[in-house]
Amino acid sequence: MWCDAVSVTDIGRSSEQALTSEPGRSSEQALNEACGVFGVHAPGRDVARLCFDGLYALQHRGQESAGMAVSDRETITVVKDMGLVASVFDDRTLSCLPGDIAVGHTRYSTAGPSTWQSAQPVYKPAGRAGFALAHNGNLTNTEVLANKAGMLPGIITNDSDIVAELMAMAFPPDHPEQAGERAEAGGEGPGALEEVLVQTVRLLEGAFSFVLIDADRLYGVRDPHGFRPLCLGRLDPADGSTDIGWVLASETAALDVAGAELVREVDPGEVVVIDSAGPRSISAFTAEEVNPKLCLFEFVYFARPDSWIHGREVHVARRQMGERLAAQSPAVADMVIGVPDSGISAAEGYARQSGIPYGQGLVKNRYIGRTFIAPTQRDRDRGVRRKLNPLRASIKGKRLVVVDDSIVRGTTTKAMVQMLREAGAVEVHLRISSPPFRWPCFYGIDTPNRDELLAASRSVEEITAFLGADSVAYLDLNNLLLAIGAPADNFCNACLTGHYPTNPTPESLEATTPADSKALGFPQKPQEPPAAPERSAAQEPPAAPERSAAQEPPAAPERSAAQEMDLAGALPGG
């Protein structure tokens, strides 16, 4: 491993390796979240190892690639590669990353291929040492943004690239930091990146939680709906130092692992700037533009159970979901089991409310990633058996209530039900701690088209028959919101109801079938005119008589290169 003293060093696969690595996933994916982000500003501390700890705690949010960027106030060094955090970083790698400020990223892609080029953070050489950006979410107007940035489709790997390019283009050429001068942190007004960031985020539509660094500062920003979480934490001064450290992270669990204390959640539409004077807040959007809509599935599935959101521990909320599910949809059974990991808390609640004993029925292999990473459904079915194994002595001859967080396509759930029956379960009653997943998400959850969603066009009875279960019941939306204990208006439930908080874009429409698009009230694409009916040979008109060379019209004069350019400039989009 090496660390060059330049503005940026990408340590990882070579370009040749990157081009020949994973070509991208098929569209057959299950419910997946986008990414985890982590940033730290802590003078006197080993920020690379703090960042490693934070990313390790956020590994559940992305398992395709991991990376971090570290600033020593003069240069920014970037390390990123495909794989898990622990496989990308080791002691030798981390020792090559001295500095006071760092940003890190774990990725599961919802936009762009799964390749080394798509790994983050994204670096741009604008300013005294450049800047690095990490993104959690999904933008819905990338085509418009790419056109604005002048980026061709073939060079775009993900929407984070577009944002970084727009910011680099907007960087003022006459700013002192662009000329290589150091701006006094907190003393002489905003840095160039701060100005550019506030300007750029107003162009974006969709979901985004960004964490960025330049030479001297750490930045965090959430979209005006707050679709994706971001929180601020405080680190006590290191031994022998009086400097307080500050941390930004997707979840509070990452603050705990890094030894930071939660201060608060970053507000929707807020930009947080952290320098040697501490954090300060900027409103990038007007009060009218801010409309909090945190993704409901942060509570249901994505967040770790030990994380806190809206002042509530996720484990407690999930346990309440199970309790309300038991009251709403009881079952006659001998044992309640949860599907590890996100179904465990709800299963405990179901058992407590119903009085049915709680037990362990499935063992999870802790050394295998989430099954949705497998590229095909056949591979994911195999992945279910590699990941989960039944405790046969525990479940044989028993009627089971099996609690899980959600069902998307249903094929992996079907494989699990079959596996439990083969292990001796007499009955399998599925209880799902969220409502049916019926609509695609455009804000950072990698979901299939609606016609591939199990609940989109099937009744509960049809779902039960497809899965091979004895019964299936979902927690209704009202009970889900009561279990979370926060105002219903503060959440996005579009994947459950089809009510989207933002206007659709042409790119969003690609995720829906024409029927779904019409049902949602989206603008309809123009229909192709019907093809003309084929004519029989008898109906064909007689062929035109051939003309001699003398009758041929004269050839059009050739155009010069300059004329070709003029014509191209006159075409739409030229």
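This briefing describes a sheet, the helix packed on it, and a second helix with buried and exposed residues. The structure is a predicted model. Its open sheet is built from six strands with antiparallel pairing, and helix α6 packs on that sheet. Helix α5 (residues 142-149) carries buried residues, with exposed residues on its other side.

**The sheet**

- The strands of the open sheet follow the order β7-β8-β9-β10-β14-β15.
- The edges are occupied by β7 (122-124) and β15 (278-283); each has a single partner strand, so one side of each is left without a neighbour in the sheet.
- On average, neighbouring strands of this sheet are turned by 20 degrees against each other, direction ignored.

**Pairing of β9 and β10**

- Strand β9 (residues 206-213) pairs with strand β10 (residues 218-222) in the antiparallel sense, over five bridges.
- Within this pairing, S209 stands opposite R222 in β10.

**Helix α6 on the sheet**

- Helix α6 (residues 159-170) touches β7, β8 (131-139) and β9 as it packs on the sheet.
- The direction of α6 makes about 130 degrees with that of β8.

**Helix α5**

- The buried residues in α5 are T142, L145, A146 and A149.
- These residues lie on the same side of α5 because they cover an arc of only 100 degrees around the axis.
- V144, N147 and K148 are exposed on the other side of α5.
- G150 follows α5 and has a positive phi, near 70 degrees.

How values were computed: Residues numbered from 1 in each chain as written. Predicted model: local features only at pLDDT ≥ 70, side-chain atom pairs only at ≥ 80, totals over all residues. Heavy atoms only, no water. Pairing = 2+ DSSP bridges. Helix = DSSP H or I, 4+ residues; strand = E, 2+ residues; numbered from the N terminus. Axes fitted to C-alpha atoms, helices over the stretch in contact; angles between N-to-C directions. Contact = heavy atoms within 4.5 Å. Buried < 20%, exposed > 50% of the residue type's maximum accessible area, 1.4 Å probe, protein only. Arc of directions from axis to C-beta.
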